[in-house]
Amino acid sequence: MSIETSESILIVDFGSQVTQLIARRVREAGVYSEIAPFTQAEAAFARMKPKGIILSGSPASVPADGSPRAPQVLFDSGLPILGICYGQQVMSQQLGGQVEPGDAGEFGRAFLTVTEPCVLFDGLWQVGERHQVWMSHGDKVTEFASGFRIVAVSDGAPFAVIADDTRKYYGTQFHPEVVHTPDGGKLIANFVRHVCGCRGDWTMAEFRKTKIAEIREQVGDARVICGLSGGVDSAVAAVLIHEAIGDQLTCVFVDHGLMRLGEAEQVVGLFRNHYNIPLVHRDASTLFLKGLEGVTDPEAKRKFIGKTFIDVFEEEARQVGGADFLAQGTLYPDVIESVSFTGGPSVTIKSHHNVGGLPERMNMKLVEPLRELFKDEVRELGRELGLPDIFVGRHPFPGPGLAIRIPGEVTRERCDILRKADAIYLDEIRKAGLYDAIWQAFAVLLPVRTVGVMGDFRTYDSVCALRAVTSTDGMTADIYPFDAGFLSRVATRIVNEVKGINRVVYDYTSKPPGTIEWE
Ligand code: XMP
């Protein structure tokens with residue numbers, strides 16, 4: 001994994017929770033970056049030939065026996081280095097300074113005072129000013145290595161920022177990569193542009209060109225199969241690969257009948273008609289819905305849908321025949337190897353969503369052109385490739401689809417009811433201009449019937465729950481605070497327009513303790 005024509009920055013990961021954010025900030029500065037666990041940093045350094053190095057934070061403690069160190073080759077390289085938190089401490093220690101456990105530490109918001117000019121502060125901070133930063137450290141540098149000077153201090157960290165301009169080594173005790181350090185992104189941009197001398201011209205247009213060349217080289221004149229899920233990642237991967245190898249690519253869209261209103265038609269229309277990409281559309285809704293009969297346990301639903309999806313995909317792929325490669329829309333967060341301190345240099349790679357195991361089973365080689373990208377970068381690439389905004393900006397949608405939004409038994413009738421309610425909800429959200437402010441919004445059809453009155457008639461129909469959350473990664477989420485007028489407008493429309501629903505409720509649970517989906 002590397003984009004060799006680009007200038008790059010190597011980020012050495014010591015296991016901080018926020019290392020990914022460093023990579024994002026560097027890329028926002030227009031410079032390609034990759035994260036390597038400290039155990040593999042030497043190999044990554046040799047492969048990438050970066051223009052600078054950033055050492056991450058860590059839950060480890062520099063004075064503790066066996067705590068991680070940066071490979072010596074990085075210091076011998078003569079390249080600029082920025083150490084962040086643990087990275088600053090480990091750099092100081094390895095260069096002859098001293099780090100000691102602090103008695104109190106600093107956690108959360110802190111203020112530093114700029115004491116001397118520094119290239120990191122260019123166009124940003126002046127001597128004598130105080131600025132908000134985000135700290136999270138127990139240990140601190142008590143004696144810095146020779147050659148360094150202090151350029152900013154805070155109450156808990158006399159060495160809040162240190163600089164050695166000759167060797168181009170810099171260290172911050174705070175975390176510039178998090179949003180709670182408001183100027184942190186610019187500070188990192190100053191490092192990569194002004195200290196490392198990167199041009200900052202890494203763009204999606206360049207990525208597109210490089211990737212197309214790479215795909216052509218990898219695939220040659222072999223054939224590639226790509227499974228479309230209806231989501232953004234597989235769609236962007238498919239369009240990019242098609243641009244590289246044309247009709248050597250065949251897309252297979254397994255339609256499980258659990259998509260939202262009009263979604264399957266949209267996928268088919270886009271690929272077949274707009275992009276003219278060879279597409280096999282298999283309507284397997286009867287197979288899926290038959291298999292889901294009587295299944296109420298959420299995990300059983302997931303297992304059945306995952307397995308059936310693979311079976312059907314495999315069947316279709318064999319019919320296409322002759323493909324050596326399987327294309328997947330795997331993203332960078334799925335492949336970043338996490339650093340563990342408990343079981344040695346163990347490496348955990350998250351399995352890729354709902355079709356894990358497919359490549360092994362089909363004995364195919366993988367083409368994963370999005371492996372280096374974060375989700376928002378994939379969206380940007382999608383726009384660059386001309387995918388419509390309405391498609392590229394879509395909320396995430398789970399692989400098992402509506403099946404996990406219908407607690408209890410899933411039937412075609414209940415899917416149809418839910419699809420209509422969901423479409424009204426999303427329509428109102430779009431009309432109110434709120435779609436992009438929300439991470440995910442959807443309706444859930446509850447297995448509960450309540451009494452209602454419509455005209456002169458008594459009704460006994462299902463309850464629909466509405467969910468909308470804000471989030472940055474889906475790991476934690478907060479409810480979206482709609483105003484009452486909006487919610488009552490949606491509720492009225494759903495009850496009036498959707499037969500089978502006579503009551504609408506709004507889910508007010510954050511994650512944790514709730515999950516985003518109801519199953
Ligand atoms: P939860 O419900 O766990 O969801 O808070 C977090 C994110 O993951 C999505 N999700 C899934 N995605 N297969 C998927 O591809 C699944 O089985 C699945 N379950 C949840 C959910 O939509 C949210 O974005």
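## Helix H4 and its flanks

Helix H4 is largely enclosed by the rest of the structure, because 7 of its 9 residues are buried. The model in which this is seen is a predicted one. The buried residues of H4 are Tyr 86, Gly 87, Gln 88, Gln 89, Val 90, Met 91 and Ser 92.

Just ahead of the helix, Cys 85 occupies the loop between strand S4 (81–84) and helix H4 (86–94), and its phi is near 55°, a positive value in a residue other than glycine. Cys 85 counts as buried because its relative accessibility is 4%, and the cut-off for that class is under 20% relative accessible area. On the other side, H4 is followed by Gly 96, whose phi is also positive, near 110°.

## Backbone geometry elsewhere

Most residues other than glycine have a negative phi, and most peptide bonds are trans. Against that background, Lys 168 is a non-glycine residue with a positive phi, near 60°; Lys 168 belongs to the loop that links strand S8 (161–164) with strand S9 (169–172). With a relative accessible area of 37%, Lys 168 is partly exposed, whereas Cys 85 is buried.

Two cis peptide bonds follow one another in the chain: the bond from Lys 511 to Pro 512 is cis, with omega near -15°, and the bond joining Pro 512 and Pro 513 is cis as well, with omega about 5°. Pro 512 lies in the segment after strand S20 (501–506), and Pro 513 is found in that segment too.

## The ligand and its surroundings

The ligand has 12 residues around it, of which Arg 302, Gln 440, Lys 511, Ile 516 and Glu 517 come nearest. Lys 511 thus appears in two settings, among the nearest residues to the ligand and at the start of the cis bond to Pro 512. By residue class, the shell around the ligand divides into 4 nonpolar, 5 polar and 3 charged residues.

Several distances describe how oxygen atoms of the ligand are placed relative to polar atoms of the protein. A polar side-chain atom of Arg 302 lies 2.6 Å from an oxygen atom of the ligand, and an N or O atom in the side chain of Glu 517 is 2.5 Å from a ligand oxygen atom. In the case of Gly 399, a backbone N or O atom lies 3.0 Å from an oxygen atom of the ligand. The ligand on its own has 500 Å² of accessible area, and the protein covers 75% of that area.

Notes. Residues numbered from 1 in each chain as written. Predicted model: local features only at pLDDT ≥ 70, side-chain atom pairs only at ≥ 80, totals over all residues. Heavy atoms only, no water. Helix = DSSP H or I, 4+ residues; strand = E, 2+ residues; numbered from the N terminus. Buried < 20%, exposed > 50% of the residue type's maximum accessible area, 1.4 Å probe, protein only. Near = heavy atom within 4 Å. Polar contact = N/O pair within 3.5 Å; in protein donor to acceptor, adjacent residues only side chain to side chain. Areas by Shrake-Rupley, 256 points an atom, 1.4 Å probe, with all protein chains shown as cover. Nonpolar A, V, L, I, M, F, W, Y, C, P; charged D, E, K, R; others polar.
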